[in-house]
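User: I'd like a close look at one part of this model, with enough of the surroundings to see where that part sits. Could you walk me through it in plain language?

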Amino acid sequence: MNDDRPVLLETRGTCMHLTLNRPKALNALSHTMVRLLDEALARAEQDEAIESVLLSGAGERGLCAGGDIRALHDDARASGRASLEFWRDEYRLNARIARFPKPYVALMDGIVMGGGVGVSAHAGIRVVTERSRVAMPETAIGFVPDVGGTGLLAAAPGELGTHLALTGRSVGAADAILCGLADHHVPARLLPALTEALGRQTGPAGPGASVADVVQGFATEPPAGELAAQRDWIDDCYAADTVEDIIRKLRASGVPAARTVADELLTKSPLALKVTLAAVRRAARLAGLEAVLDQEFRVSSRAFEHPDFVEGVRARIIDKDNAPQWKPGSLAEVDDQEVARFFAPLGPGEQELALAPGPADTSARDGQDEQGGQGG
């Protein structure tokens, strides 16, 4: 008999195994799932019999494709507020995972996108396989990377994180490790054995090994990635101050792959591109994940209100015509003040996430420094 619970919980030895269990929806996160994960981690933190936590996804396609985009789209169309409460709890879960005091192992097998990155890439031990495809693809649907993703991408070497944030491209195991989104590559065929070994806290490393040693005992070299060989043009082009200048440098680079990226960027929401660039640059200056999440909650709240989000989901997910009508329709039409508004404190009747002890970096001066010249 199939178990239709959205999150499965099983304790194996000293390891609490959490399984995202919506395989037909690629384990997309619902608000219920977020709450169940948070409750399980709170319990595991206090239970002395639990020494580690393992997160995986049901089915063969991936750990998690992100949040339930259709539900978010419907809520936005109806001018609802449920999505903001979902994000509030989701971002708090992301912060809990990052500061979880016991080993937390995330099996990032298959597709890991958006909210899937949030429940895995903040883990203490992150495992990818030859099937992994990791991405923050939000700009394609008129949204902005969240779940701490702007902080993760800001910390990637050189301008790799800016490249991934703006394009939304997915990366495989080697590139996920290079960008700091994962730690170890384990062949997918070995995941059942790794799961069993974590329950017994043994394996190739021998009995009594630490959780980190158990995982390391199964790790192998990943298949070759792509980004290391592209660092020269990525670092040069994405170091520009504005999205327009990035695209100009990509076109002028003489590298065919860079010109392809320039064309690709012009299919994304112009507003989302500019807000994303500002968000990643600001995240690099913020003091810790909590401050990043506070900033992202402000940005998500504003993006949720903007018509590009509904239009992007319609074009990419619902109607699948891949012909979104963005507003504004070009980078030149994006007003710098509109970009800055995404980072401003929330207004009357709105509640800040307020995870960080101090205020998020939202000064008007920073907004001017980052957005100057983007309007042409």
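Analyst: Let's go with strand 2, which is covered on both faces: Cys-15, His-17 and Thr-19 are buried on one side, and Met-16, Leu-18 and Leu-20 are buried on the other. Keep in mind that this is a predicted model. Counting along strand 2, 6 of the 6 residues are buried, so the strand is largely enclosed by the rest of the structure.

Now for the company it keeps. Strand 2 belongs to an open sheet of 6 strands with mixed pairing, and the order across that sheet is 1-2-3-5-7-9. The edges are taken by strand 1 and strand 9 (184–185), each of which pairs on one side only. Strands in a sheet are held to each other by backbone hydrogen bonds, in either the parallel or the antiparallel sense.

Take the strand 1 side to begin with. Strand 1 and strand 2 run antiparallel and share 6 bridges. They make a hairpin with 2 residues between them, and Gly-13 in that turn has a positive phi of about 65°. Beside the turn, Arg-12 has Cys-15 of strand 2 as its bridge partner.

At the other end of the hairpin, look at Val-7, which sits in strand 1. Its C-alpha atom is 4.8 Å from that of Leu-20, although the two residues are 13 apart along the chain. Leaving out residues up to four places away in sequence, Val-7 touches Thr-19, Leu-20, Asn-21, Met-33, Leu-36 and Leu-37. Buried or exposed, then, for Val-7? With a relative accessibility of 9%, Val-7 counts as buried, because the cut-off is under 20%.

On its other side, strand 2 meets strand 3, and here the two run parallel, joined by 6 bridges. One pair to click on is Thr-19 and its bridge partner in strand 3, Ser-56. That's the mixed pairing of the sheet in miniature: antiparallel towards strand 1, parallel towards strand 3.

If you follow the sheet to its far edge, strand 7 and strand 9 run parallel and are joined by 2 bridges. There, Val-127 stands opposite His-184 of strand 9. Helix 9 packs on this sheet as well, touching strand 3, strand 5, strand 7 and strand 9, and its direction makes about 15° with that of strand 7.

Helix 8 is the one to bring up next to strand 2. It lies across strand 1, strand 2, strand 3, strand 5 and strand 7, and runs at about 170° to strand 5. The buried residues of helix 8 (residues 191–200) are Leu-191, Leu-194, Thr-195, Ala-197, Leu-198 and Gly-199. What covers them includes strand 1 (7–12), strand 2 (15–20), strand 3 (52–57), strand 5 (104–108), strand 7 (125–128) and helix 9 (211–218). So strand 2 is part of the cover over the buried residues of helix 8.

There is another sheet in the chain, an open one of 3 strands in the order 4-6-8, with parallel pairing. Strand 4 (62–64) and strand 8 (133–135) are at its edges with a single partner strand each, so one side of each has no neighbour in the sheet. Neighbouring strands there are turned by 15° against each other on average, direction ignored. Strand 6 (residues 111–113) pairs with strand 8 in the parallel sense over 3 bridges, and Val-112 stands opposite Val-134 in strand 8.

Stepping back to the whole chain, you're looking at 17 helices and 9 strands. The radius of gyration is 20 Å, close to the 21 Å that the globule rule gives for 376 residues, so the chain is as compact as a globular protein of that length. Of the 376 residues, 55% are buried. Among contacts between residues at least 6 apart in sequence, 73% join residues at least 24 apart.

Lastly, how far does the predictor back this up? The mean pLDDT of the chain is 93, and 92% of its residues reach 70 or more. The stretch to handle separately is residues 360–376, where pLDDT stays under 50 and the model has 44 contacts beyond four places in sequence.

Notes. Residues are numbered from 1 along each chain as its sequence is written. This is a predicted model: local features need pLDDT of at least 70, side-chain atom pairs count only at pLDDT 80 or more; totals for chains, interfaces and linings use all residues. Side-chain values use heavy atoms; hydrogens and water are left out. Two strands pair if DSSP finds at least two bridges between them. Helices (H or I, at least four residues) and strands (E, at least two) are DSSP runs, numbered from the N terminus. Axes are lines fitted to C-alpha atoms, for helices over the stretch in contact, and angles run from 0 to 180 degrees between N-to-C directions. The radius of gyration is taken over C-alpha atoms; the globule rule is 2.2 Å times the number of residues to the power 0.38. Buried means under 20% relative accessible area, exposed over 50%, partly exposed in between (1.4 Å probe, protein chains only). Contact means heavy atoms within 4.5 Å. pLDDT is the predictor's confidence in each residue, from 0 to 100.
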